[in-house]
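Got the viewer open and a selection box ready? Here is a route through the model, one stop after another.

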Amino acid sequence: MKVLKKGLMHLVILFASIMVSTVVAKIQYHDFVVQATPVKRLCRTRSTITVNGQYPGPTLEVNDGDTLVISVVNRARYNLTIHWHGIRQMRTGWADGPEFITQCPIRPGGSYTYRFTIEGQEGTLWWHAHSSWLRATVYGALIIYPREGSTYPFAEPKRETPILLGEWWNANPIDVVNMATQIGGAPNVSDAFTINGQPGDLYSCSSSGETNLLRVINAAMNQELFFAVAKHQLTVVGADASYLKPFTTSVIMLGPGQTTDVLITGDQSPAQYYMAARPYQSAQGAPFDNTTTTAILDYISAPCPSRGMPSTPIMPTFPAFNDTATVIAFTQNLRSPNNVPVPTDIDESLFITIGLGLFNCPPNFSTNQCQGPNGTRFASSMNNVSFILPSSYSILQAYHQGIPGVFTTDFPAVPPVQFDYTGNVSQSLWQPVPGTKVYKLEYGSNVQLVLQDTSIVSGENHPIHIHGYNFYVIAEGFGNFDSATDTVKFNLVDPPMRNTVGVPVNGWAVIRFLADNPGVWIMHCHLDVHNTWGLAMAFLVENGSGELQSLESPPVDLPPC
Ligand code: C2O
């Protein structure tokens with residue numbers, strides 16, 4: 001395995017075609033055999049924002065305990081920030097990246113150096129742009145190997161391959177979201193999904209008998225995806241950079257933001273097999289991109305089309321697009337390898353509804369600005385608050401410098417109105433209220449969140465991500481969460497630790513964490529379309545006592561607002 005040179009790394013964001021590369025990163029790449037031999041072609045006539053000329057961007061390979069110093073130069077024509085998805089950022093919230101939450105954007109021509117240390121994390125994470133929809137093409141893998149001298153809790157695989165599942169529009173994704181925002185309707189669905197930047201038939205070669213570690217990352221914008229490899233079982237060993245009790249399955253499901261590490265052994269007859277991803281779509285009747293993206297798992301002894309031989313790889317069988325039962329069966333298998341310290345004496349218990357909504361057409365808007373259902377504009381909310389990003393200061397800066405008027409601290413701990421969340425909800429409850437509301441947490445408090453999907457407009461599985469924290473997913477279920485009967489389902493022994501939880505469609509999930517990281521941390525739906533519509537809030541975790549429980553000072557090159 002190659003280890004990244006510590007010290008200065010350069011991520012240069014280019015506004016250029018995918019093929020252009022003018023700056024070579026001081027980054028060493030992993031050396032598994034993956035060759036691009038696209039059969040279908042992406043539309044590359046549009047200009048695309050890439051990192052160091054690469055799509056996906058460079059893989060960062062580091063060890064637990066490393067300090068990363070990554071300088072980002074913005075050569076794009078858009079504002080930009082980079083988020084290190086899943087990194088705890090202990091006391092270094094200034095390096096977290098979400099635009100107007102922890103920093104103002106890096107303006108075109110500007111730069112910012114992200115500095116942070118990886119403390120007690122190993123496995124697969126990723127990095128991505130956190131400004132508008134730039135992450136559609138600005139993303140890459142972030143692989144954390146065990147500390148020098150320690151090993152995986154499973155036999156060392158022969159090879160390791162990051163598998164980045166992406167989503168592609170034959171249009172500038174910024175134009176796609178800007179158009180949707182202008183008309184108040186749903187954005188166009190994508191044109192293709194990709195594996196490591198290719199829509200089809202990327203090669204990954206392996207030899208008979210070898211065990212390969214696939215680090216699968218769902219980097220798609222708006223789509224949960226099933227992933228499978230024809231004729232091969234997958235042994236799941238980790239998710240979101242946390243190890244799991246190994247179990248085997250023929251298919252995995254990942255929401256955007258989630259990662260899953262699987263071992264795969266070349267135990268079939270030497271041939272070519274498709275590995276493929278296609279949607280899990282839980283919202284009834286909503287349009288979606290129903291295409292399949294493929295790569296080829298090739299046994300090296302099999303005929304290789306890149307050497308001019310014909311091939312007919314075998315396709316995996318997939319669950320139906322709406323197969324929620326398979327998703328639940330999969331997620332219920334996720335267990336921490338050992339007993340874990342789940343917080344028990346809960347100090348802060350929040351019940352948060354998550355879902356869509358519709359704004360009535362504002363009086364000064366024309367009808368073509370209100371092309372949501374029945375002349376409305378699409379919205380989303382948490383506890384009926386549709387999150388609005390500040391536009392002058394970041395929340396973290398406003399908090400740190402005591403600047404008033406940027407946010408309020410009155411995010412409600414419970415829904416303002418109680419109703420049958422997953423039933424037939426009266427249309428009078430479909431209108432959220434816009435706001436920039438945070439919820440304050442004292443340092444060291446034990447927090448429980450019940451995340452409750454609503455059936456407003458449509459129930460849907462929402463991948464909810466919290467910045468700066470991992471949490472235990474202690475239970476999930478369907479219908480309305482009932483504190484009288486559902487607490488018996490709580491797993492306080494070996495629940496999985498994640499940074500992104502798929503809240504079941506028309507259901508709920510309960511998560512717990514210890515608020516031990518001061519700063520401002522956004523929690524949002526990782527379906528970007530929902531995030532754009534306001535499916536977000538932020539926690540403001542106060543400093544504890546002393547330097548080691550307090551947010552560091554902002555770096556001197558923090559982009560000015
Ligand atoms: Cu993966 Cu707020 O992000």
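One term before we set off: a residue is called buried when its relative accessible area is under 20%, exposed when it is over 50%, and partly exposed in between. Keep in mind that you are looking at a predicted model.

**Stop 1: a short salt bridge**

Select D486 and K489. Their side chains meet in a salt bridge, with N and O 2.7 Å apart. Which of those labels fits K489? Its relative accessible area is 46%, so K489 counts as partly exposed. D486 has a relative accessible area of 7%, so D486 is buried.

Salt bridges with shared partners also join K158, R159 and E210 into one network, so keep those three for the next stop.

**Stop 2: the rest of the salt-bridge trail**

How many salt bridges does a search of the whole structure find? The search turns up 13. Pick D64 and R147, whose side chains form one with an N to O distance of 3.2 Å. This pair links distant parts of the chain: D64 is in the loop between strand 4 (60-63) and strand 5 (67-75), R147 is in the loop between strand 9 and strand 10 (159-168), and the two are 83 residues apart. D64, at 8% relative accessibility, is buried, while R147, at 41%, is partly exposed.

Now add E210 and K158, where the closest N and O atoms are 4.0 Å apart. Here too, distant parts of the chain are linked: E210 belongs to the loop between strand 12 (202-206) and strand 13 (211-218), and K158 to the loop between strand 9 and strand 10, 52 residues apart. Buried or exposed: what is K158? With a relative accessible area of 61%, K158 is exposed. Its partner E210 is buried, at 8%.

**Stop 3: the nonpolar cores**

Nonpolar side chains in soluble globular proteins tend to be buried together. To look at that here, select W84, Y114, F116 and L142: in the largest nonpolar core, which has 59 residues, these four touch the most other members. Zoom in on L142 and show its contacts. Leaving out residues up to four places away in sequence, L142 touches L60, V62, W84, I87, G123, T124, L125, W126 and W127. Apart from this core lies another one of 38 residues, and L214, A228, A230 and V251 are among them.

**Stop 4: aromatic rings**

How many aromatic pairs are there? The count comes to 24. Go to W126 and Y139, an edge-to-face pair with ring centres 6.4 Å apart and 80° between the planes. W126 sits in strand 8 (residues 123-129) and Y139 in strand 9 (residues 139-145), 13 residues apart. W126 is buried, at 0% relative accessibility, and Y139 is buried with a relative accessible area of 0%.

Next, jump to F351 and F481. Their ring centres are 6.5 Å apart and their planes meet at 50°, so this pair counts as tilted. It links distant parts of the chain, with F351 in strand 21 (residues 348-360) and F481 in the loop between strand 28 (471-478) and strand 29 (497-498), 130 residues apart. F351 is buried at 15%, and F481 is buried at 11%. Widen the selection to F351, F419, Y421, F481, F490 and W508, and you have a cluster linked by ring pairs.

Before moving on, select R278 and F321: R278 lies over the face of F321, 4.0 Å from the ring centre.

**Stop 5: the disulfides**

Two disulfides are found. Select C104 and C561, whose sulfur atoms are 1.9 Å apart. C104 lies in the loop between strand 6 (82-85) and strand 7 (111-117) and C561 in the segment after strand 33 (536-541), so the pair ties together parts that are 457 residues apart in sequence. The link of C104 and C561 is right-handed, with 95° about the S-S bond. C104 is buried at 0%, whereas C561 is partly exposed at 42%.

Then pick C361 and C370, joined with an S to S distance of 1.9 Å. Their link is right-handed as well, with 80° about the S-S bond. C361 is partly exposed at 28%, and C370 is buried at 5%. Counting bonded cysteines along the chain, the pattern is 1-4, 2-3.

How values were computed:
Residues are numbered from 1 along each chain as its sequence is written. This is a predicted model: local features need pLDDT of at least 70, side-chain atom pairs count only at pLDDT 80 or more; totals for chains, interfaces and linings use all residues. Side-chain values use heavy atoms; hydrogens and water are left out. A nonpolar core is a set of buried Ala, Val, Leu, Ile, Met, Phe, Trp, Tyr and Cys residues joined through side-chain atoms within 4.5 Å. Buried means under 20% relative accessible area, exposed over 50%, partly exposed in between (1.4 Å probe, protein chains only). Contact means heavy atoms within 4.5 Å. Rings of Phe, Tyr and Trp (its six-membered ring) pair if their centres lie within 6.5 Å; planes under 30 degrees apart count as stacked, over 60 as edge-to-face and the rest as tilted. Helices (H or I, at least four residues) and strands (E, at least two) are DSSP runs, numbered from the N terminus. A charge sits over a ring if NZ of Lys or CZ of Arg is within 6 Å of the ring centre and within 35 degrees of the ring normal. A disulfide is a pair of cysteine sulfur atoms within 2.5 Å.
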